[in-house]
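Thanks for making the time this morning. I would like to walk you through one structure, and please stop me if anything is unclear.

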Amino acid sequence: SCPLILVLGDQLSHSLSSLRDAPDGAVVALCEVAEEGRYVPHHPQKIALILAAMRHFAGELRAKGWRVHYSALDAPDNVQTLIGEAERLAALYGCDEVRVTRPGEWRLWQAMQERRDAALPWRLVEDDRFYVTPDAFADWARGRSTLRLEGFYREMRRHTGLLMEGDSPLGGRWNFDHDNREPLPEHLEAPEPPCHRRDATTREVLVLVAEHFGDHFGALEGFHWPVTRRQSLVDLRHFIANLLPHFGRYQDAISDDQPFLFHSRLSAALNLGLLAPQEVCAAVEAAYQDGKAPLNAAEGFIRQILGWREYVRGLYWTRMPSYKRANYLDGQRGLPDFYWSGDTELRCLKRAIEMTRDNAYAHHIQRLMVTGNFALLCDVAPAALCDWYLAVYADACEWVELPNTLGMVLHGDGGLMGSKPYCASGKYLDRMSDHCQRCRYDPKRSTEENACPLNSLYWRFIERHADRLADNPRMKPILGNLARMSDARRTALRKRAEAFLATLDTEPAYGQGAHS
Ligand code: FAD
Ligand code: DLZ
């Protein structure tokens, strides 16, 4: 007898805990199943990335001597769910347990936990590819009234020694955000991302995905994700050599025609396990120490991975499953239809959605301050927005998507993650992007027919939540501005916002996501 080791599509690391100390004869299973492709309508590039990476990883495991069973999506006996297929294979190979590393979603974790004492028991092992385990995060969180990133991040810097000089941060500061808020200068162009060769395996997957998931939102043509560790390392080297030096400075910039700017595009490779966060942070620290990147860039980047990425994962595992139901600002609107087409006259949203469609990617500020901010100002229901973010990005895994969407974008957790809602008017977009110059709406106007809708929506949002936000010291100046506004101005803003909202076609409002 022997275990069946189920390796999921985002567990493609040779150091994976479930593969450690496996007895001779253990069978490793990788299963392509329709259910994982459809529980939200994933972007075809995301599905192609995962299946191509799984197929390449299976090949590498075989080459290392593992006994591997690979269930292809169109295999006739495939039962098309992860649990069902693993149990079928365990029976087929006479295995006495299914072993799996903690999955990245509560949905699967719970289903697996429920089978711990079944006739064919499932055994979950901790995923130690992160800096912090959920238990260690829970220890840190215990007894704290707020769980802000900053405190967690400092502790992580001390713990790892990254960018530290003894007990002090290099450069004397923990945070160089102040230097990292420049819009893009007019003629600065970021280098193109590396173009990876599509071998026969990848080409086969692209055909398969077009056939099975061609009805999902998203274009396949521009697929250029790294599908192996080797290709991921090419992307990492490209980032360090060509992008990191500018990363900090233009971290918050938004461009009408450059989708990637100086961002790394490493999130998908990291989340699938093709790269380890530790090696990425070490490479960035080394680039700083070799004088190849300034400190504000290195610190800004390391904070995203050592700080935000670990922090949101900790929150996810300590707060689920109730976290997913939180809706502090009571958003009830369905998702505007144009999130699935880009068919809107708001230039910033149009471009962010088109880039998402073409690349299965939008950078952080587009996610937070364009598609996120608009949904926040329009009271979109968290479940509707979360399903969209989980579907459309190649890097989307619920452990990282949910806290970012529900917590950071929608303030749905009432301030656990962010000390105030990240709401912004058209002025912010005008300052940080070049969209407004090409938009039919004017960011400097608020109530006229050609006024940027974000301006009136912003004040409607502040008015609607004034009571909830009154005790928040960071909201006081904005609430003061609202209080000083004349009644006539307030009414005009409210009217303009309501008139705009009435023109939005939305999916039916719903309180529960498709896969809740
Ligand atoms: P870079 O800008 O180059 O940043 C470097 C790395 O830092 C990223 O690769 C990522 O691993 C990490 N990182 C940066 N910001 C965050 C963050 N806020 N939380 C966690 N890690 C971060 N990231 C995902 O990996 N998967 C998601 O499903 C996801 N959903 C998001 C949804 C919303 C609404 C928002 C606002 C953010 C989301 N993010 C998500 C975080 C972030 O936007 C992406 O990690 C980033 O845009 C990926 O592009 P990049 O690799 O070029 O990032
Ligand atoms: C996202 C995804 C997709 C589209 N397909 C598969 C698949 O066929 N087989 C698989 O093992 N994993 C897939 N995944 C990733 C899983 O959805 C992911 O492992 C869980 O959501 C937990 O993070």
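I will take the ligand site to begin with, then the nonpolar cores, and finish with a single asparagine.

Please keep in mind throughout that this is a predicted model. Around ligand 1 there are 30 residues, of which His 263, Ser 264, Arg 265, Asn 271 and Tyr 361 come nearest, and the shell divides into 16 nonpolar, nine polar and five charged residues. As for polar atoms, a side-chain atom of Asn 271 lies 2.9 Å from an oxygen atom of the ligand, while a polar side-chain atom of Asn 404 lies 2.9 Å from a ligand nitrogen, and an N or O atom in the side chain of Gln 304 is 3.3 Å from a nitrogen atom of ligand 1. The protein covers 99% of the 820 Å² of accessible area that ligand 1 has on its own, and the elements giving two or more residues to its shell are α9, α11, α13 and α15.

Turning to the cores, the largest nonpolar one has 163 residues, and Leu 30, Leu 244, Tyr 339, Phe 374 and Ile 462 have the most contacts inside it. Helix α11, residues 295-319, gives the most to this core, with 13 residues. A second, separate core has 21 residues, including Leu 89 and Cys 95.

Finally, is Asn 359 buried or exposed? Asn 359, which has its place in helix α12, counts as buried because its relative accessibility is 11%, under the 20% cut-off. Leaving aside neighbours within four places in sequence, Asn 359 is in contact with Gln 45, Trp 225, Pro 259 and Phe 260.

Key
Residues numbered from 1 in each chain as written. Chains lettered and ligands numbered in written order. Predicted model: local features only at pLDDT ≥ 70, side-chain atom pairs only at ≥ 80, totals over all residues. Heavy atoms only, no water. Core = buried A, V, L, I, M, F, W, Y, C linked by side-chain atoms within 4.5 Å. Buried < 20%, exposed > 50% of the residue type's maximum accessible area, 1.4 Å probe, protein only. Helix = DSSP H or I, 4+ residues; strand = E, 2+ residues; numbered from the N terminus. Contact = heavy atoms within 4.5 Å. Near = heavy atom within 4 Å. Polar contact = N/O pair within 3.5 Å; in protein donor to acceptor, adjacent residues only side chain to side chain. Areas by Shrake-Rupley, 256 points an atom, 1.4 Å probe, with all protein chains shown as cover. Nonpolar A, V, L, I, M, F, W, Y, C, P; charged D, E, K, R; others polar.
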